[in-house]
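User: I would like to go through this model and ask, term by term, what stands behind each label. Please give the value and the criterion each time.

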Amino acid sequence: MQRESAGSLRSTDIGRRVRLAGWVHRVRDHGGVLFFDLRDRSGICQIVVSPTDAASAAASRLRPEWVIAVEGTVRTRQEGAKNAKIATGEIEVSDVALEVLSESDVPPVLPSANDVPDEAVRLRYRFLDLRREEMQRNLALRHRVLQATRRYLDAAGFYELETPMLTRSTPEGSRDFLVPSRMQPGAFYALPQSPQLFKQLLMVSGFERYFQIVRCFRDEDLRADRQPEFTQIDIEMSFAQQEDVLSLAEGLTKSLVAEAGWDLSLPLKRLTYKDAMARYGSDKPDLRIPLEIIDLGTLADAFDTPLIQGALAAGGVLRGLRAPGGAALSRKQWDELGREIERFGVKSVPYVIRDADGLRGSLAKALQPQAQDALIGALGLAVGDAAAILAGEDEKVSLALGVLRLSFADRFALRKPGHRFLWVTDFPLMEWSEEEGRAVSRHHPFTHPNPADLGRLEDEPLAVRAQAYDLVLDGVEVAGGSIRIHERLLQERIFKLLGLTEEETRNKFGFLLDAFRYGAPPHGGVAFGFDRLIMLLAGASSIRDVIAFPKTAKGTDLLTGAPAEVAKAQLEELRLREMPPEEAKR
């Protein structure tokens with residue numbers, strides 16, 4: 001008899017003889033009558049064994065997570081015993097023959113338990129953790145979204161093509177994972193941070209529409225939404241303008257989120273980088289939070305305080321952010337908010353509170369009385385509201401208020417239900433790196449500048465806008481891309497602005513510049529952070545909960561023990577030496 005799925009049985013199967021196999025989920029003894037739940041990836045089915053059944057002796061030995069096979073008859077459950085919480089809750093299987101396929105020790109992670117163990121235990125015994133319903137559901141969603149990706153892009157005329165995993169290290173990115181070459185002693189491959197250069201070469205090669213569901217690697221510090229190896233949906237299009245890429249990405253997004261039961265209305269909202277920073281203090285704003293930063297420049301003269309006037313005299317800005325219900329914040333809590341933004345040069349948070357008699361708070365005394373109504377109107381303050389008011393450098397004030405916006409949302413439960421997508425466009429092409437003392441690419445050095453700003457490249461590089469765009473979902477970047485440079489001379493200009501010598505450019509990117517000599521089409525693309533997207537669609541708090549075998553925050557694999565030392569012979573074969581302990585600690 002062919003095996004069937006435990007979770008697929010319904011009342012229409014009553015009377016049928018079926019064969020099931022899976023894991024024992026729970027066992028219950030009701031006065032000699034044994035009830036146990038059989039679990040496979042499709043769900044759970046209740047099995048009943050009476051004391052007079054031939055399987056009674058074998059069933060009495062069963063323990064959670066034993067692997068068994070049963071053959072029995074589907075029947076309806078008795079009234080009062082039906083379980084509306086599971087799909088098979090109206091039926092059970094009785095009159096069974098039972099075979100134990102594999103026994104189990106007491107598992108350190110029990111899939112049937114309500115309490116979830118510490119994450120370190122879950123990752124050490126990941127093969128058990130993956131049996132839990134939540135993890136099975138998350139990875140099933142991941143599978144469906146992967147297949148939806150392939151269906152959508154295939155229908156849109158894209159080829160799924162693979163690019164190398166062993167390539168060369170290039171500058172202008174995160175740290176590479178390096179792989180020593182045995183055949184070329186002293187030389188190293190790098191694991192790709194993205195297929196960027198190869199997908200551009202595929203456009204030069206005439207394939208026009210490419211995609212790849214690809215593993216990428218970055219040797220960087222980890223967090224809840226970051227792993228050293230991750231998956232991207234990588235897309236590139238020839239003869240495409242920005243609008244073409246955004247339109248395709250929106251259609252794909254609508255198709256993918258439908259797998260999680262979400263309905264997405266198109267087109268998506270768009271904001272320029274400049275507007276996003278001015279209104280929300282972030283280039284990935286969470287639009288579920290109904291708060292916007294307000295420019296208070298017209299009220300600057302109403303504040304009689306050296307702090308504000310000095311900042312404005314130095315060319316700064318004056319901006320405010322309403323905190324609904326903020327009158328409830330204590331002075332200690334305002335001090336806590338100040339510590340959240342002190343990295344932006346703000347030592348404390350100047351604020352006002354509106355009560356029935358007007359305004360009070362640390363800034364109220366510095367505000368001219370006749371300007372109170374104007375400030376209340378500008379910020380939209382109701383009685384019981386408060387507002388943070390900051391003056392200083394444009395970017396620092398915006399970023400600080402952006403942090404406060406998120407903090408207010410958390411403290412006062414301001415996020416609205418549902419989900420909000422938007423595009424952020426027109427990013428700066430370059431930004432200043434204090435660490436390196438030079439301009440660096442905001443995204444990567446292959447991003448095409450806005451054609452209207454090409455004349456400013458050499459004289460005002462930080463003012464040049466890029467043809468770059470990010471897709472943001474609920475305050476998280478889930479995709480990003482750009483129109484690429486396809487002109488050799490322009491690419492050489494960008495490399496020069498980034499401080500690369502002609503020799504370095506030739507050594508690192510000569511193959512790309514050579515390709516541009518032979519008819520490169522205009523092209524652009526986008527890459528989705530697949531793990532982050534699934535995390536949000538699944539409602540998980542970490543991408544580790546949507547990846548089968550993730551690393552810890554320290555980049556270790558608790559299941560296999562990686563990274564691990566290797567044999568001395570392996571190092572010698574690669575012409576490498578083991579670093580003395582005193583050097584390794586430096």
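User: Which residues line the second largest cavity?

Analyst: This is a predicted model. In it, the second largest cavity is lined by L429, M430, S441, H444, P445, T447 and I494. The space inside is about 30 Å³.

User: How is the lining of the second largest cavity divided into nonpolar, polar and charged?

Analyst: Four of its residues are nonpolar, three are polar and none is charged. Leu, Met, Pro and Ile count as nonpolar, and residues outside the nonpolar and charged lists count as polar.

User: What lines the largest cavity, and what is its volume?

Analyst: The largest cavity has a volume of about 40 Å³. L123, R126, F549, P550, D557, L558 and L559 form the lining. By class that gives five nonpolar, no polar and two charged residues. Arg and Asp are on the charged list, so R126 and D557 count as charged. The structure holds two cavities of 30 Å³ or more.

User: What makes a space a pocket and not a cavity?

Analyst: A cavity is a set of points where a 1.4 Å probe fits but cannot get out, whereas a pocket is an open set. The second largest pocket has a volume of about 1,200 Å³. Its lining has 37 residues, of which R39, G43, I44, R132 and E133 are the closest to its centre.

User: Which elements supply the lining of the second largest pocket, and which gives the most?

Analyst: β1, β2 (33–40), β3 (43–49) and α4 (133–155) each supply at least two residues. The most come from α4, with eight residues. By class the lining has eleven nonpolar, eleven polar and 15 charged residues.

User: Why are β12 and β15 said to stand at the edges of their sheet?

Analyst: The sheet is open, with five strands in the order β12-β13-β16-β14-β15 and antiparallel pairing. β12 (294–295) and β15 (358–360) each have a single partner strand, so each has one side without a neighbour in the sheet.

User: How do you know that β14 and β15 are paired?

Analyst: Two strands pair if there are at least two bridges between them. Strand β14 (residues 351–355) and β15 have three bridges, in the antiparallel sense. By that criterion they are paired. In this pair, I353 is opposite R360 in β15.

User: How many bridges join β4 to β1, and how many join β4 to β5?

Analyst: Strand β1 (residues 17–30) and strand β4 (residues 67–76) are joined by seven bridges and run antiparallel. Between β4 and strand β5 (residues 91–102) there are nine, also antiparallel. Both counts satisfy the requirement of at least two. As for bridge partners, V18 has G72 in β4, and V70 has L98 in β5.

User: Where does helix α11 lie?

Analyst: Helix α11 (residues 394–412) lies across β13 (317–323) and β16 (386–392). To β13 it runs at about 5°.

User: Why is the pair of W423 and Y469 called edge-to-face?

Analyst: The structure holds nine aromatic pairs. For W423 and Y469 the ring centres are 6.1 Å apart and the planes stand at 85°, so the pair is edge-to-face. The cut-offs are centres within 6.5 Å and planes over 60 degrees apart. W423 is in strand β17 (residues 421–425) and Y469 in strand β20 (residues 468–473), so the pair ties together parts 46 residues apart in sequence.

User: With which residues is I213 in contact, beyond its neighbours within four places in sequence?

Analyst: Contact means heavy atoms within 4.5 Å. I213, in strand β9 (residues 209–217), is in contact with L146, T149, R150, E160, T231 and Q232. T231 is 18 residues from I213 in sequence, with 6.8 Å from C-alpha to C-alpha.

User: What makes the backbone at P267, P563 and E208 worth listing?

Analyst: Most residues other than glycine have a negative phi, and most peptide bonds are trans. The bond from L266 to P267 is cis, with omega near 0°, and P267 is in the loop between α6 (242–257) and β11 (269–272). The bond from A562 to P563 is also cis, with omega near -5°, and P563 is in the loop between α14 (530–538) and α15 (568–573). E208 is not a glycine, yet has a positive phi of about 70°; this residue is in the loop between α5 (196–204) and β9.

Key. Residues numbered from 1 in each chain as written. Predicted model: local features only at pLDDT ≥ 70, side-chain atom pairs only at ≥ 80, totals over all residues. Heavy atoms only, no water. 1 Å grid on protein atoms, 1.4 Å probe; cavity = no way out; pocket = protein on both sides within 12 Å on 5 of 7 lines; lining within 4 Å. Points joined across faces, edges and corners; volume = space filled by probe spheres on them. Helix = DSSP H or I, 4+ residues; strand = E, 2+ residues; numbered from the N terminus. Axes fitted to C-alpha atoms, helices over the stretch in contact; angles between N-to-C directions. Phe/Tyr/Trp six-rings, centres within 6.5 Å; stacked < 30°, edge-to-face > 60°.
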